[in-house]
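Student: I should like to learn how the terms used for a protein structure are justified. May we take one model and reason through it term by term?

Tutor: Certainly; let us look at it together.

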Amino acid sequence: MRRMDSPRFVPVAFDRRAWPMDGRLDYWTAPDGWRLRRYRLGEGRRGRMLVLGGRGDMIEKYLEVIRHWADRGWAVTGFDWRGQGGSGRTTGDPLCGHIDDFGQWIADLEAFATDWRGQGVGPSVIVGHSMGGHLLLRALAEGMAPPDAAVTVAPMMGLHTAPLPRWLAVAIAETMCALGFAEKQAWTQKEESERQRRMRQKRLTHDPERYADELWWRDHSREVALGPPSWKWVAQALHSTRALEQGRAIERIAVPLLILAARTDRLVSTPAIARIAARIAGARLHVYGREAAHEILRELDPVRLDALARIDCFLDEVAPGRAGLE
């Protein structure tokens with residue numbers, strides 16, 4: 001495991017509440033017929049990049065970083081996971097983030113990545129945030145064809161269950177599923193008051209403006225809005241993260257890997273991230289201090305730009321553009 005230093009650069013003005021005019025929004029159809037909302041931006045002289053969001057995310061939250069990488073020459077693709085964003089819902093509750101089995105998301109990712117990989121030339125890289133980072137590492141551990149490089153940002157390698165011990169969180173989730181509440185919201189996400197919104201924001205980012213952008217998109221595109229996860233999602237997340245850490249498959253990952261994390265992350269377990277990173281040969285880990293919350297790529301500019309610089313330097317080193325492409 002290697003730690004990294006990186007230069008900084010200045011931000012470029014970007015309207016975070018509008019789709020870039022030169023992008024393409026459409027749908028990709030999974031082998032079972034489920035349609036995943038997809039967005040593509042950039043001409044790809046540098047190579048191809050696939051961006052994976054986290055639980056409850058939608059493409060709109062990452063338009064700013066998608067634009068950044070497109071401007072650097074990447075052909076960037078993002079999609080909404082099955083059951084969230086603009087990719088439909090798996091229960092009758094449009095605000096409940098539910099999945100019966102994380103294996104379904106792994107299957108979607110493998111099929112999507114196979115199709116994406118065949119759409120162009122040049123280096124291919126995958127960037128995964130939070131749940132997307134977990135699913136990426138699990139897919140690679142289970143044998144998915146690797147990209148030329150991978151980046152995970154605050155990957156969900158363990159859930160932050162405090163003040164409950166993990167064993168109690170598992171017991172509660174399994175009990176609620178057994179009682180018939182598997183597809184019900186596991187908790188209430190209250191954002192009616194400024195205080196409630198402020199409390200949720202602090203768990204995600206120190207930047208109130210970027211947090212407000214998320215609320216704006218949810219208010220103006222209600223079909224992409226999502227609330228808490230289901231009890232089944234909680235049980236699946238607890239089991240999937242533990243199985244990945246306790247198994248040996250994670251040690252077979254050989255792709256160049258950069259991991260960014262936040263020491264005071266209140267959603268995912270940073271100690272679990274560090275344990276996993278130490279077991280992946282050549283993985284590079286950088287952990288931010290109190291200046292960063294969970295959504296590192298949507299933080300205040302000092303953190304966000306530092307993270308982008310680290311990622312760009314890493315990709316320039318391990319997945320350089322091929323002759324004739326840049």
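Tutor: Please keep in mind that this is a predicted model. We may begin with Arg197 and Glu194, whose closest N and O atoms are 3.2 Å apart.

Student: Why is the contact between Arg197 and Glu194 called a salt bridge?

Tutor: The rule asks for a side-chain nitrogen of Lys or Arg within 4 Å of a carboxyl oxygen of Asp or Glu. The closest N and O atoms of Arg197 and Glu194 are 3.2 Å apart, so the pair satisfies the rule. In general, side chains of opposite charge can pair when their charged atoms come close.

Student: Where do Arg197 and Glu194 lie?

Tutor: Both belong to helix α5 (residues 194-204), 3 residues apart, which is about one turn of the helix.

Student: Why is Glu194 called exposed, and Arg197 partly exposed?

Tutor: Exposed requires a relative accessible area over 50%, and buried one under 20%. Glu194 has 53%, so the word exposed applies. Arg197 has 24%, which lies in between, so Arg197 is partly exposed.

Student: What makes the pair of Arg40 and Asp26 a salt bridge?

Tutor: Their closest N and O atoms are 2.5 Å apart, and the cut-off is 4 Å, so the pair qualifies. Arg40 is buried, and so is Asp26.

Student: Which parts of the chain does the pair of Arg40 and Asp26 tie together?

Tutor: Arg40 lies in strand β2 (residues 35-41) and Asp26 in strand β1 (residues 24-29), so the salt bridge ties together parts that are 14 residues apart in sequence.

Student: How do you know that Arg298 and Glu295 form a salt bridge?

Tutor: The closest N and O atoms of Arg298 and Glu295 are 2.6 Å apart, which is within 4 Å, so the rule is met. Both residues are buried. Salt bridges that share partners also join Asp57, Lys61, Arg200, Glu214, Arg218, Glu295 and Arg298 into one network.

Student: How many salt bridges are counted by this rule?

Tutor: The count comes to 34 salt bridges.

Student: How do you know whether the radius of gyration of the chain agrees with that of a compact globule?

Tutor: For 326 residues, a compact globule would have a radius of gyration near 20 Å; the chain has 19 Å, so the two agree. The C-alpha trace spans about 60 × 45 × 45 Å along its principal axes. Of the 326 residues, 56% count as buried.

Notes: Residues numbered from 1 in each chain as written. Predicted model: local features only at pLDDT ≥ 70, side-chain atom pairs only at ≥ 80, totals over all residues. Heavy atoms only, no water. Helix = DSSP H or I, 4+ residues; strand = E, 2+ residues; numbered from the N terminus. Buried < 20%, exposed > 50% of the residue type's maximum accessible area, 1.4 Å probe, protein only. Rg over C-alpha atoms; globule rule 2.2 N^0.38 Å.
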